[in-house]
Amino acid sequence: MNKQIVFDEWIGRARKKFEERNPKSAMMYEKAQKYLPGGDTRTATFFKPYPVFTKEGKGCRFYDVDGHVYIDFLNNYTSLIHGHAHPAIVKAVTEQVKRGTVFATPVESQILLAEIICGRVKSVEQVRFQNSGTEATMHAIRAARIFSGGKSKVVKMEGGYHGTHDVAEVSVCPTLEEVGPVSRPRSVPNSSGIPKSVCEEVIVVPFNNKEVTEKLIREYQEEIACVIVEPMLGSAGMIPQEDGYLEFLRDLTRKLDILLIFDEVICFRLGYGGAQGLYGIEPDLTVFGKIIGGGFPVGAFGGRKEIMKVFSPQEKSFVPQSGTFNGNPVTMEAGIASLEALAPDVFERINSLGDSLIRGVDLAFERSGIKGMSTGLGSLSNPHFSSERIRDYRGVGRGNLEAMHLVHLGLLERGINIAQRGETSVSTAMTEKEISSYLTAFEECLAEVKPFIEQTAPELIQ
Ligand code: PMP
């Protein structure tokens with residue numbers, strides 16, 4: 001039996017069903033391809049045969065051009081913590097738009113958003129705003145290189161995602177054939193176009209593996225400017241730290257005089273003070289994005305004044321960091337409204353809904369007789385078809401992604417939107433009712449794909 005042929009048959013049938021349900025999206029996709037390579041401008045949102053085109057969204061639901069309604073568990077890749085068109089954000093932004101959208105002068109709302117972030121995150125005394133998480137990680141790494149006195153190497157986790165600049169595009173989703181030994185992961189460019197010289201500047205270490213991480217960091221310690229890590233690996237599959245890995249990283253980097261950067265672009269939604277508040281760890285620099293922009297393009301990085309001051313033009317030798325839309329008042333107002341609606345008890349509520357979802361998915365796997373689990377924390381999670389406990393990128397890679405792709409299309413058919421790889425997030429617009437709808441649909445999908453798993457991956461049948 002050829003597993004690929006069986007998968008092609010199953011996914012072919014699922015895609016045909018999808019096409020029959022989504023003729024208007026098909027027409028739009030056809031036209032889109034004429035002007036946009038691949039019909040869109042975001043790789044992450046693409047799946048075959050084509051993504052649905054959205055008409056509008058409200059709360060935790062959105063409506064596509066074919067008239068289907070979806071409960072949105074993707075939330076624009078976790079960024080819409082309040083779902084779509086939250087009234088306070090709409091009001092704040094509408095009022096600001098009437099007063100002007102951007103000025104080549106600072107505005108007061110920028111101070112207010114910075115004050116809110118610094119007030120919530122103990123390790124952050126000052127911030128700089130950008131328009132994306134990509135820009136923010138790029139500038140944070142630059143700041144670290146400057147503060148280190150010109151050291152250039154960057155340590156990152158295998159499977160860690162930090163945006164799309166060159167350094168960030170190393171070992172994001174390499175195949176298991178190209179990763180190299182776990183004792184010394186290869187620095188694999190995510191695509192052609194990433195210079196070899198950039199890969200040489202990036203030391204890739206396995207998340208949650210203290211022994212290898214310490215060995216490699218010590219080996220290159222004289223050349224390393226910083227270690228950048230997501231407190232929970234997000235895009236790789238929502239993998240939380242184990243056995244005090246983050247604390248270990250904090251201790252080691254402090255000992256070796258290397259800056260530690262927490263990329264909290266996703267994880268900041270784990271609690272009032274972000275993931276670092278949850279774990280009680282203070283990195284040197286923190287990167288923010290997504291929820292601090294209330295649904296508008298945003299990025300920011302911050303840390304201690306002694307590091308951040310290099311960006312002040314008041315300093316004799318300062319580092320320029322510009323952007324036409326940096327700190328624009330529309331994003332700032334949206335960000336303020338978003339964070340003001342996130343009091344500690346609100347995090348508690350969505351984290352508890354997220355816990356129900358994680359437990360429910362685990363139970364659904366158990367009841368279905370298929371080996372699998374949900375990883376994650378609080379409002380963030382990801383189901384995996386796997387018989388091993390997932391603790392790093394390679395563990396996810398050894399899982400059954402084909403089954404996940406089938407479940408993704410199955411969930412869409414049932415009005416549930418998650419990422420193709422399974423990234424799932426809960427928004428404040430949700431209640432137990434939506435969690436229950438998700439779990440019912442998930443259970444139905446498991447029953448649907450069970451014969452496929454029995455045929456192609458019997459080791460996943462209990
Ligand atoms: N860091 C992390 C952890 C992310 O998840 C992302 C985006 N998903 C980024 C950085 C890049 O952010 P942006 O897409 O806004 O450039």
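**Exercise 1. Establish which domains the protein is assigned and how many residues each gives to their contact.**

*Solution.* The domain assignment divides the protein into domain 1 (3–85 + 344–460) and domain 2 (87–340), and the model in which these bounds are examined is a predicted one. As a next step, take the C-alpha centres of domain 1 and domain 2, which lie 27 Å apart. Then turn to the contact itself, to which domain 1 brings 33 residues and domain 2 brings 39 residues.

**Exercise 2. Locate the largest nonpolar core with respect to the two domains, and identify the residues with the most contacts inside it.**

*Solution.* Begin with the membership: the largest nonpolar core holds 67 residues, and I292 and F385 are those with the most contacts inside it. Next, list the elements that supply two or more residues to this core, namely α1 (3–21), β3 (69–72), α5 (108–120), β4 (126–130), α12 (329–340), α13 (344–368), α15 (401–413) and α16 (432–456). Of these, α16 gives the most, with 10 residues. The core lies between domain 1 (3–85 + 344–460) and domain 2 (87–340), because both domains give residues to it. To see the surroundings of one central member, set aside the neighbours within four places in sequence; I292 is then in contact with L113, I117, F129, F268, V298, A300, G335 and L339. Apart from this core lies another, of 28 residues, which includes I203, V212, M373 and Y393. As background, nonpolar side chains tend to be buried together in soluble globular proteins.

**Exercise 3. Determine what surrounds the buried residue E230, and which side chain of opposite charge is nearest to it.**

*Solution.* First place the residue: E230 sits in the loop that runs between β7 (224–229) and β8 (232–233). Then look for a charged partner; the nearest side chain of opposite charge is that of K156, at 7.3 Å, and E230, although buried, has no salt bridge. Since a salt bridge is counted within 4 Å, the distance of 7.3 Å to K156 does not qualify. What the side chain of E230 does reach is the backbone nitrogen of G234, at 2.9 Å. Finally, leaving out residues up to four places away in sequence, E230 touches G160, Y161, H162, F207, S235 and D263.

**Exercise 4. For the salt bridges K16–E20, K122–E282 and K153–E223, work out where in the fold each partner lies and whether it is buried or exposed.**

*Solution.* The whole structure contains 22 salt bridges, and the three pairs can be taken in turn.

- In the pair K16 and E20, the closest N and O atoms are 3.3 Å apart. The two residues are 4 residues apart in helix α1, which means that about one helical turn separates them. Both K16 and E20 are exposed.
- In the pair K122 and E282, the closest N and O atoms are 3.1 Å apart. K122 belongs to the loop between α5 and β4 and E282 to the loop between α10 (274–279) and β11 (285–289), so this bridge ties together parts that are 160 residues apart in sequence. K122 is exposed, at 70% relative accessible area, whereas E282, at 35%, counts as partly exposed.
- In the pair K153 and E223, the N to O distance is 3.5 Å. K153 lies in strand β5 (residues 153–157) and E223 in the loop between α8 (210–219) and β7, so the parts joined here are 70 residues apart in sequence. K153 counts as buried, with 11% relative accessibility, while E223 is partly exposed, at 37%.

A last step concerns shared partners, through which salt bridges join E242, D243, R389 and R391 into one network.

Terms used
Residues numbered from 1 in each chain as written. Predicted model: local features only at pLDDT ≥ 70, side-chain atom pairs only at ≥ 80, totals over all residues. Heavy atoms only, no water. Core = buried A, V, L, I, M, F, W, Y, C linked by side-chain atoms within 4.5 Å. Buried < 20%, exposed > 50% of the residue type's maximum accessible area, 1.4 Å probe, protein only. Domains from an automatic or database assignment. Contact = heavy atoms within 4.5 Å. Lys, Arg positive; Asp, Glu negative; His and termini not counted. Polar contact = N/O pair within 3.5 Å; in protein donor to acceptor, adjacent residues only side chain to side chain.
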